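This report goes through a two-chain model from overall dimensions to selected elements. Please view the sequence and the structure together while reading.

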Amino acid sequence: MKNQNTQNNNFYDEYLSDKNKPRRLFSSAFNYFFKHSPSKKKLLAKVRDSFIKTMGVTFRVYDNNELIDREWPLDLIPRILKEKEWIEVKIGLEQRIKAINLFIHDVYHKQKFLNQNPILKSLILESPNYLKECSGVVPKNKIWANISGTDLIKDHRGKFYVLEDNLRVPSGVAYMLENRNVMKKVVTDLFNKYKVLPIDDYTSQLYTCLSNASYKNDYKKNIVILSPGVFNSAYFEHAYLAQQMGIELVESADLFLSKDNFVYMKTINGKKKVDVIYRRVNDNYLDPKVWVKDSILGVPGIVNSWKEKKVAIVNAPGSGVADDKAVYAFVPRMIEYYLGEKPKLKQVKTYLCAFEKDMKYVLENIHKLVLKPVNESGGYGILIGPQATKKELKEYKSKIISNPRNFVAQPLIKLSTTPTLINTSIQPRHIDLRPFILSGNKTFITNGGLTRVALKKGSTIVNSSQGGGSKDTWVVS
Amino acid sequence: MLSSIAEKIYWLSRYIERIENTSRLINVNSDLLLDIPHDESNDLKHLIKITGHIKDFKNENTKENVFSFLIEDENNPSSIKYSIEMAKMNSRYLLTMLPKSAWEQFNNLYTDFNNNDKKNSEDLYQIIRNSQRFFAIISDGMQRNDVFNFIKLGRFIERADMLSRIIEDQILRKETHVNKYYQNLQWSSVLKSINGYESFKTLNKQNLNQEIVLNFMIMENLFPRSIKYCVDKLGEVQKYLPKSVEIKKLTKILLDGFSKSNIFKNDNKILKQIDNFQLGLITLDKEISQRFFSY
């Protein structure tokens with residue numbers, strides 16, 4: 001039997017070879033879905049939906065100005081990676097995050113690397129992510145970005161590339177964990193056919209990582225998660241992580257500072273001192289005394305307590321300075337500079353419009369490139385040259401010319417695809433991968449991560465806020 | 001536990017208890033209509049009085065309108081819909097606090113309510129069953145921690161409040177509305193509306209009358225929907241809460257007036273005492289809020 005529409009020669013399909021046959025490792029999984037009748041596929045989807053509903057796995061989006069809870073979109077066909085391949089990636093990620101942490105520390109201290117790269121220095125010093133108030137601070141173990149999520153993609157040959165580093169408040173890990181829980185229940189028989197490496201120790205690793213960040217040395221540490229509140233799109237995740245770690249989920253109103261600058265939370269037993277804050281609030285909103293003045297998401301004075309080492313904040317304020325698409329371009333050089341090593345993971349060639357030469361190239365080749373504003377996340381403000389209209393290209397060009405520093409460009413990578421269930425047919429869809437990296441006394445990297453999938457045909461925008469879905473990622477031995 | 005969380009748990013519990021009580025109240029009175037010859041004076045508007053927002057009810061006084069106002073009117077702060085939305089609002093913060101199965105059960109309650117058409121008594125039974133299941137999970141499988149204590153606190157204050165409202169309503173209505181022949185029927189429906197008819201019968205075989213019904217509803221030690229039982233539970237839970245001398249004191253005095261002799265026969269006396277009781281609950285609720293939730 002020939003199957004329909006599952007193969008597209010321009011892209012690397014992770015399941016199917018050029019001959020449109022599933023690769024050896026993938027045949028069980030592929031045939032499992034392929035052999036099911038449409039009604040069985042519908043049934044599986046229904047079972048999945050009811051699990052997701054009862055487990056309350058949702059994310060929040062604004063739809064016509066109204067805040068609604070959407071059930072988390074999970075595709076049942078797993079994304080499969082070989083353990084051998086994954087071990088290589090992990091080594092590369094560990095190297096990369098080490099260099100980035102050394103870079104952030106350098107930026108807020110001697111600026112040695114910046115002094116060698118004057119253009120980068122000028123970009124950094126005027127970047128909104130560079131917070132001069134953080135200069136001179138020494139977080140525990142000199143680690144600034146304790147928790148990061150690095151987006152990876154595969155190109156048309158099936159090689160992993162780093163697409164971006166998320167060092168501020170990367171989200172998605174709760175969905176990664178819940179995807180696995182749902183899959184175990186819905187496709188149990190398929191699960192049994194593979195040796196899937198477990199992922200569920202993430203929250204205990206996270207606890208250890210947060211605990212390592214504390215300035216306090218005894219075992220009784222009070223660690224809390226600071227959330228912007230129930231209206232935040234990732235609130236489900238904040239609550240989920242707090243519950244799994246058995247720690248308090250707080251909002252700014254639950255916290256206050258004592259006269260001697262320690263942070264306390266208000267409880268039914270009175271006040272209780274806080275040692276570590278895993279904050280899911282962006283830097284700018286963290287302390288109305290220091291940054292955004294009318295922020296109700298932050299705690300006045302908290303940055304001072306942090307500077308005085310009276311409370312640890314994770315990730316450290318200011319670590320977003322490396323979460324910048326311009327800085328990304330320099331990561332390979334950082335790895336060589338700080339570690340004296342060659343980068344082990346590839347990354348996408350990046351043109352910085354701040355360089356005159358690069359800008360000229362970008363303007364001439366805009367129709368071939370992907371354009372990105374440096375300080376946006378969630379897929380906003382991106383222009384995909386080959387898919388844009390002439391008018392869009394023209395408008396984007398003038399945006400670049402009026403503020404070159406704000407834009408970077410990359411060649412369009414042909415993102416890999418995997419078979420995905422679209423209603424009852426199996427179709428190729430583009431995917432990426434976000435593993436999560438914890439840096440504490442040791443480095444911990446998830447087995448796999450959150451695979452995001454662009455559900456619209458041909459689309460490469462995988463963000464859940466823009467109609468993306470997800471897959472469970474199986475690293476198999 | 002965080003003060004802000006304690007407050008949300010307390011209110012979640014109150015709202016779910018309220019949802020259950022209101023559903024049962026509507027169902028029982030809906031049944032009663034079938035038994036009592038229907039006329040203007042025998043309308044259902046009093047149900048709105050019990051739940052407290054009669055001023056907001058501006059539609060024509062029909063059965064459909066009353067039920068719709070009580071069940072699904074989002075703007076009526078005493079409707080089931082409103083309580084469910086408020087419970088949902090509070091529950092959003094409590095993902096980390098409730099046992100997972102209780103959280104899932106609350107999600108069921110919420111989705112079932114929004115999916116059913118809310119009009120027939122089976123739909124209301126579904127709400128009752130879902131609320132009962134929620135509390136069953138809590139009572140049966142939950143760690144006896146502060147979360148549990150605040151659930152209990154909210155639940156029994158809410159229940160005691162509703163009981164006092166039902167009693168008050170029945171006494172106010174009894175002369176003005178139906179003739180004596182139907183009074184028995186009304187007392188039995190009052191008992192059904194608190195799920196207490198069978199319990200009552202095992203204790204009192206004789207005909208129903210106000211004195212014995214009120215004695216049962218207010219003072220019965222062994223029935224979980226008597227005022228005394230609720231107040232006892234409130235006293236019990238306070239043993240486990242942090243420093244709450246004033247709250248203990250306020251709880252202790254709640255029942256004082258009910259022990260006077262002959263009070264259940266005398267409408268004026270009992271109404272006055274019910275009034276005192278409700279004021280007592282309000283004072284208690286305020287004290288709880290000040291002591292534990294203020295921030």
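The text below covers confidence, the overall form of each chain, the contact between the chains, one sheet and one helix.

The model is predicted, and local features are reported at pLDDT of at least 70, side-chain atom pairs at pLDDT 80 or more, whereas totals for chains, interfaces and linings use all residues. Residues are numbered from 1 along each chain as its sequence is written, and chains are lettered from A and ligands numbered from 1 in the order in which they are written.

**Confidence.** The pLDDT is the predictor's confidence in each residue, from 0 to 100. Chain A has a mean pLDDT of 92, with 97% of its residues at 70 or more. Residues 1-7 of chain A have pLDDT below 50, and beyond near neighbours in sequence this stretch makes 12 contacts in the model. Where pLDDT is low, the predicted coordinates should not be read in detail.

**Overall form.** The table uses these terms: a residue is buried if 20 or more other C-beta atoms lie within 10 Å of its own, exposed if 12 or fewer, and partly exposed in between, with C-beta atoms placed from the backbone. Two residues are in contact if their C-beta atoms, placed from the backbone, lie within 7 Å. The long-range share is the part of contacts between residues at least 6 apart in sequence that joins residues at least 24 apart.

| Chain | Extent along principal axes (C-alpha) | Buried residues | Long-range share |
|---|---|---|---|
| Chain A | about 75 × 60 × 45 Å | 47% of 477 residues | 69% of contacts |
| Chain B | roughly 55 × 45 × 35 Å | 42% of 295 residues | 65% of contacts |

The radius of gyration is taken over C-alpha atoms, and the globule rule is 2.2 Å times the number of residues to the power 0.38. For the 477 residues of chain A, a compact globule would have a value near 23 Å, and chain A agrees at 23 Å. For the 295 residues of chain B, the rule gives a value near 19 Å, and chain B agrees at 19 Å.

Helices (H or I, at least four residues) and strands (E, at least two) are DSSP runs, numbered from the N terminus. Chain A contains 15 helices and 23 strands, whereas chain B contains 13 helices and 0 strands.

**Contact between the chains.** In the model, 19 residues of chain A are in contact with 18 residues of chain B. On the chain A side, helix 2 (38-55), helix 9 (235-245), strand 7 (248-250) and strand 9 (263-267) each supply at least two residues. Helix 9 of chain A gives the most, with 4 residues.

**A sheet in chain A.** An open sheet of 4 strands in chain A has the order 14-17-15-16 with antiparallel pairing; two strands pair if DSSP finds at least two bridges between them. Strand 14 (351-352) and strand 16 (383-384) of chain A are the edge strands, each pairing on one side only. Strand 15 (residues 369-373) and strand 17 (residues 407-411) of chain A run antiparallel and are joined by 5 bridges. A:Lys372 has A:Val408 of strand 17 as its bridge partner.

**A helix in chain B.** The expected span of a helix is 1.5 Å times one less than its number of residues. Helix 11 (residues 227-238) of chain B has 12 residues and should therefore span 16 Å; its end C-alpha atoms are 17 Å apart, which agrees. Its buried residues include B:Tyr229, B:Cys230, B:Val231 and B:Leu234. The buried residues of helix 11 pack against helix 7 (146-174), helix 10 (210-219) and helix 12 (245-252) of chain B.
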